[in-house]
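Colleague: Please put the model up, and then I will go through it with questions.

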Amino acid sequence: MLHGRGHESADIDRVLEQARSGRSGSVVIRGPAGIGKSALLDYAAQRGHDMRVLRGAGVESEATLPFAALHLLLHRELNRIHALPDAQADALRGALGLGDVTPGSRFLIGLATLSLLSEIAGDGALLCLIDDAQWIDPPSMDALLFAARRLDAEGIAMMFAARTGFRVAGLPELRLGGLDEAAAAALLPAGLPPQVREHLLRESAGNPLALIELPAALTVEQRAGRLPPVGAMPVTERVQEAFRAQIAALTESARTALLFAAADGTGEIQTLVRAGAGLHDLEAAERGHLIEIRGTVVGFRHPLIRAAAYQSASLTARHSINSARHRGPSRPARSFAPPATCRPRRAGPATRSASSPPRNATS
């Protein structure tokens, strides 16, 4: 159970249970940076261990690339496109650059997305997790929202996590605020003087990431209460400033490797190394608790670290990194979620004609 998120965790559990029983549903988890949106998606992935899991995320450097996020989410299941009606299959192939096919209409691409998700769900349940939705390219978001609004009896649970300014019409929302005082206090390390604890509790406004990261950034004088613990800036900026300080402490080559990872949407070590990132440099970033390496996949410990790594780099450095990535060979991304076994397909929207949209019944 997450600290102070009992009600929110229960809401997630309800959506998962509905999907297991064959009733699809969706939810948008919305709140400021560091408030715990990604943690709730991780909670959903853990609770949905018996379901097929697809994970994707918006990547700031790919926010202007049409259908980049949709490809990142669906790449491991693209061999199923042949099961879709021809018009839908051609529309999705065109959108994702699979063959010499002209992209179809927004309607057909959205319907094909829904049909493919139903195909993936099969006779079981599918959990679709999309983090950092505010960075998803508009065409991908149109297709995903089209599908989410038309979920019915496919056994699919779709969960989006996005920052406060992200607005979506027609989907249920789960708005996250700060933790209550008891839950917030439980996240602070032991041994802090009372005045320092009170100051951090007050200034963090219950933001879980701030409660975890800001104490680690305190100087000896601040931790002892001899200097103010934090400066006068918004909590998200304080946390990002702490991350930027950790990044600045790396060697130049390690910072470059971190920038490669921030600009890349795949997380594949092999892809990063081919583009120019060094293995030793990635390991240095992991030792600095900025990234996690699981098998052959690199993941940022928190989306704000990715943002800090990308935004703190110069425009010249970003351009050089993106050019190197596009010159080198690329492979589809992998998720931290283990590959799911195939199941027979439940009858769903893939069996509907392209000219007849599925019933609009979002739960």
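**Sheet, cores and salt bridges**

Modeller: This is a predicted model. To begin with the strands, S3 (residues 126–131) and S4 (residues 156–162) run parallel and are joined by five bridges.

Colleague: Which residue in S4 stands opposite Cys 128?

Modeller: S4 covers residues 156–162. The residue in S4 that stands opposite Cys 128 is Met 158.

Colleague: In what order do the five strands form the open sheet, and which strands are at its edges?

Modeller: The pairing in the sheet is parallel, and the order is S2-S3-S4-S1-S5. Neighbouring strands are turned by 15 degrees against each other on average, direction ignored. An edge strand pairs on one side only, which holds for S2 (52–57) and S5 (173–175).

Colleague: Which residues touch the most other members of the largest nonpolar core, and which helix gives the most to this core?

Modeller: The largest nonpolar core has 45 residues, and Leu 258 and Phe 300 touch the most other members. Eight residues of this core come from one helix, the one that gives the most: H12 (residues 252–263).

Colleague: Which residues does Leu 258 touch, leaving out those up to four places away in sequence?

Modeller: Leu 258 is one of the two residues that touch the most other members of the largest core. With residues up to four places away in sequence not counted, Leu 258 touches Ile 247, Leu 250, Ala 285, Leu 290, Ile 291, Phe 300 and Ala 309.

Colleague: How many residues are in the second, separate core?

Modeller: The second core includes Phe 67, Ile 130, Ala 147 and Met 158. Met 158 is also the residue opposite Cys 128. The residue count of this second core is 42.

Colleague: Are Glu 119 and Arg 80 buried or exposed?

Modeller: Their side chains meet in a salt bridge, at 4.0 Å from N to O. Buried means under 20% relative accessible area. Glu 119 is at 10% and Arg 80 has 10%, so Glu 119 counts as buried and Arg 80 is likewise buried.

Colleague: How many residues apart in sequence are the parts tied together by Glu 119 and Arg 80?

Modeller: Glu 119 lies in helix H5 (residues 106–121), whereas Arg 80 is in the loop between H3 (68–74) and H4 (86–95). The pair therefore ties together parts whose separation in sequence is 39 residues.

Colleague: What is the N to O distance between Arg 93 and Asp 90?

Modeller: Arg 93 and Asp 90 are three residues apart in helix H4, so about one helical turn separates them. Arg 93 is partly exposed at 26% relative accessibility, and Asp 90 is partly exposed at 37%. Their side chains meet in a salt bridge with an N to O distance of 3.5 Å.

Colleague: How far apart are the closest N and O atoms of Glu 173 and Arg 175, and which residues are joined into one network by salt bridges that share partners?

Modeller: Glu 173 is partly exposed at 30%, while Arg 175 is exposed at 62%. The closest N and O atoms of their salt bridge are 3.0 Å apart. Salt bridges that share partners make one network of Arg 52, Glu 77, Arg 80 and Glu 119.

Colleague: Over which residues does pLDDT stay under 50?

Modeller: The mean pLDDT of the protein is 84, and 86% of its residues reach 70 or more. One stretch with 104 contacts beyond four places in sequence stays under 50: residues 329–363.

Technical notes. Residues numbered from 1 in each chain as written. Predicted model: local features only at pLDDT ≥ 70, side-chain atom pairs only at ≥ 80, totals over all residues. Heavy atoms only, no water. pLDDT = per-residue confidence, 0-100. Contact = heavy atoms within 4.5 Å. Core = buried A, V, L, I, M, F, W, Y, C linked by side-chain atoms within 4.5 Å. Buried < 20%, exposed > 50% of the residue type's maximum accessible area, 1.4 Å probe, protein only. Helix = DSSP H or I, 4+ residues; strand = E, 2+ residues; numbered from the N terminus. Pairing = 2+ DSSP bridges. Axes fitted to C-alpha atoms, helices over the stretch in contact; angles between N-to-C directions.
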